[in-house]
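Here's a quick walk through one protein model. Have the structure open and follow along.

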Amino acid sequence: MLKKILIANRGEIAVRIIRACREMGIRTVAIYSEADKTALHTKLADEAVCIGPAKSTNSYLNIKAIIEAAYLTGCDSIHPGFGFLSENVKFAKICEEIGIKFIGPNYKMIELMGNKSKAKETMKNVGVPVVPGSDGLISSLKEAKEIAKSIKYPVILKASAGGGGKGIRIAYSEEELIKAYEVVKQESLTSFNDDSVYIEKYIENPRHIEIQIMADEHGNCVHLGERDCSIQRKNQKILEETPSSIINDKIRKKMGEIAVNAIKKVGYYNVGTIEFLVDKNRDFYFMEMNTRVQVEHPVTEMVTGIDIIKEQIKIASGETLEFSQKDIKITGHSLECRVNAENPDKNFMPCPGKITGLHLPGGNGIRIDSAIYAGYEIPIYYDSMIAKIIVHGNNRQESIEKMKSALGEFIIEGVDTNIDFLYKILENENFKTNNYTTSFLKDEFGI
Ligand code: MV4
């Protein structure tokens, strides 16, 4: 079993990992920037090392400083959390080269799945349904036009180095395709120094359904059901739930089996998420694979009873999975809402500042993952998410009631938040009747 883990992250996920380690009797080392001297993760860890100034590129993205901190404190492993260096190939590779265990997949898997076109090709070759489109990258506008003609408009152009909504453009006609092609290539070159692009049939108003997988380093793999993450604003998830009401047991079994089979065939290990687009006919297609633990992992924990962070650590310790697919049972329904320090009335402008008053909700089946406390100064340098409310009920209706109760009880003074906006989503008729797609916020709230 790993003995001392450096958590190469901050905020609620760093606290979440420290708590899991504490329960497992594993010592923890936090890293913090100068802006996080008073942060909760810095206080909760057994040791804490300041690794640089506030700016992420000089701290939480500073590979050299983080590796040095791990080395100097005698850590045998590093947990990257999500964001920051969690999908950084160079970081994972250096960990392997110097013998510090990266708690996640092999760096080659991170590299493969980070190349969206190669990821799609790989998944197709191991039996995962993919959206019709180009066979790999497109080399010219001429080729894009020909493929668009055969798959019919609308089409979507995607940067291979993109992901999570960056470097994509939709075209409803050849005229729009000509413009979109140039824009995506230029944008991708600027953002990722790589202008490789591929093209797909555009699926109108899909649902975003993702499958949580977990594999040990001995070839065993299970899936932990799906998460519906369709409620997003500018490709930022706001609310996630499981199970998804548009997925019946037959589709769930098929998606899970396809995902597990693919993972086994590519030789992936640790946790990962395979994202699918589900169209109105309930057909599903591979979208992307995330090679890290996700923000929304707690909803899966609530319905399966499996601690995903602990399992990551056990897998990285070389342990074999203690359960097989038949042991995985989905019980009840879970919802997560992301509470952000932002002002929805000012185009969701981030709103950092000092928390002058705080009361966190509680109750049966109500969990708060956060790193805030009364008097805490939310720094301006990082992500605006300050807490996740996760609820677990016997069914979707009860989960919605619990979430509304928790949102109503959540008191935070000194900063603006999106709590009232989240409440409006839960009261929305189309949300309540599960009649929503990825265009929900645009259709219902015009954003
Ligand atoms: C798509 C799509 C429709 N058809 N691909 C968004 C970011 C990245 N995950 C890929 N995305 C999409 N790819 C095809 N062929 C629609 C989206 C999309 C989306 C997908 C899931 C959740 C939210 C979204 C918001 C905008 C676009």
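## A hairpin to start with

Let's begin with strand β12, residues 270-278, which runs antiparallel to β13 and is joined to it by six bridges. One of the pairings to look for is V278, whose bridge partner in β13 is F284. Together β12 and β13 make a hairpin, with five residues between the two strands. Click on R282 in that turn and you'll find a positive phi of about 65°.

How many residues of β13 are buried? Seven of the seven, across residues 284-290, so the strand is largely enclosed by the rest of the structure. Keep in mind that this is a predicted model, so everything here is computed from predicted coordinates.

## A lysine under cover

Now move over to helix α6, residues 116-125, which is where K120 sits. Is K120 buried or exposed? K120 has a relative accessible area of 8%, and the cut-off for buried is under 20%, so this lysine counts as buried.

What does K120 touch, leaving aside its neighbours within four places in sequence? Its contacts are V130, V131, Y198, E200 and F286. One of these takes us back to the hairpin: F286 falls within β13, the strand spanning 284-290.

## The parallel sheet

Another part of the model has five strands in an open sheet, ordered β3-β2-β1-β4-β5, with parallel pairing. At the edges are β3 (47-52) and β5 (101-102), each pairing on one side only.

Zoom in on β2, residues 27-33: five bridges tie this strand to β3, and the two run parallel. For a specific pair, pick I31, which has V49 as its bridge partner in β3. As a general reminder, strands of a sheet pair through backbone hydrogen bonds, either parallel or antiparallel.

## The whole protein

Zooming out, the secondary structure adds up to 15 helices and 22 strands. The radius of gyration is 22 Å, close to the 22 Å the globule rule gives for 447 residues, so the protein is as compact as a globular protein of that length. Along the principal axes, the C-alpha atoms fill a box of roughly 60 × 50 × 45 Å.

Of the 447 residues, 57% count as buried. Looking at contacts with a separation of 6 or more, 66% come from residues 24 or more positions apart.

As for the outside, the protein exposes about 18500 Å², with carbon and sulfur atoms supplying 50% of that. On the charge side, there are 58 positive and 61 negative side chains, and the centres of the two sets lie 2 Å apart.

Terms used. Residues numbered from 1 in each chain as written. Predicted model: local features only at pLDDT ≥ 70, side-chain atom pairs only at ≥ 80, totals over all residues. Heavy atoms only, no water. Helix = DSSP H or I, 4+ residues; strand = E, 2+ residues; numbered from the N terminus. Rg over C-alpha atoms; globule rule 2.2 N^0.38 Å. Buried < 20%, exposed > 50% of the residue type's maximum accessible area, 1.4 Å probe, protein only. Contact = heavy atoms within 4.5 Å. Areas by Shrake-Rupley, 256 points an atom, 1.4 Å probe, with all protein chains shown as cover. Lys, Arg positive; Asp, Glu negative; His and termini not counted. Charge placed at Lys NZ, Arg CZ, Asp CG, Glu CD. Pairing = 2+ DSSP bridges.
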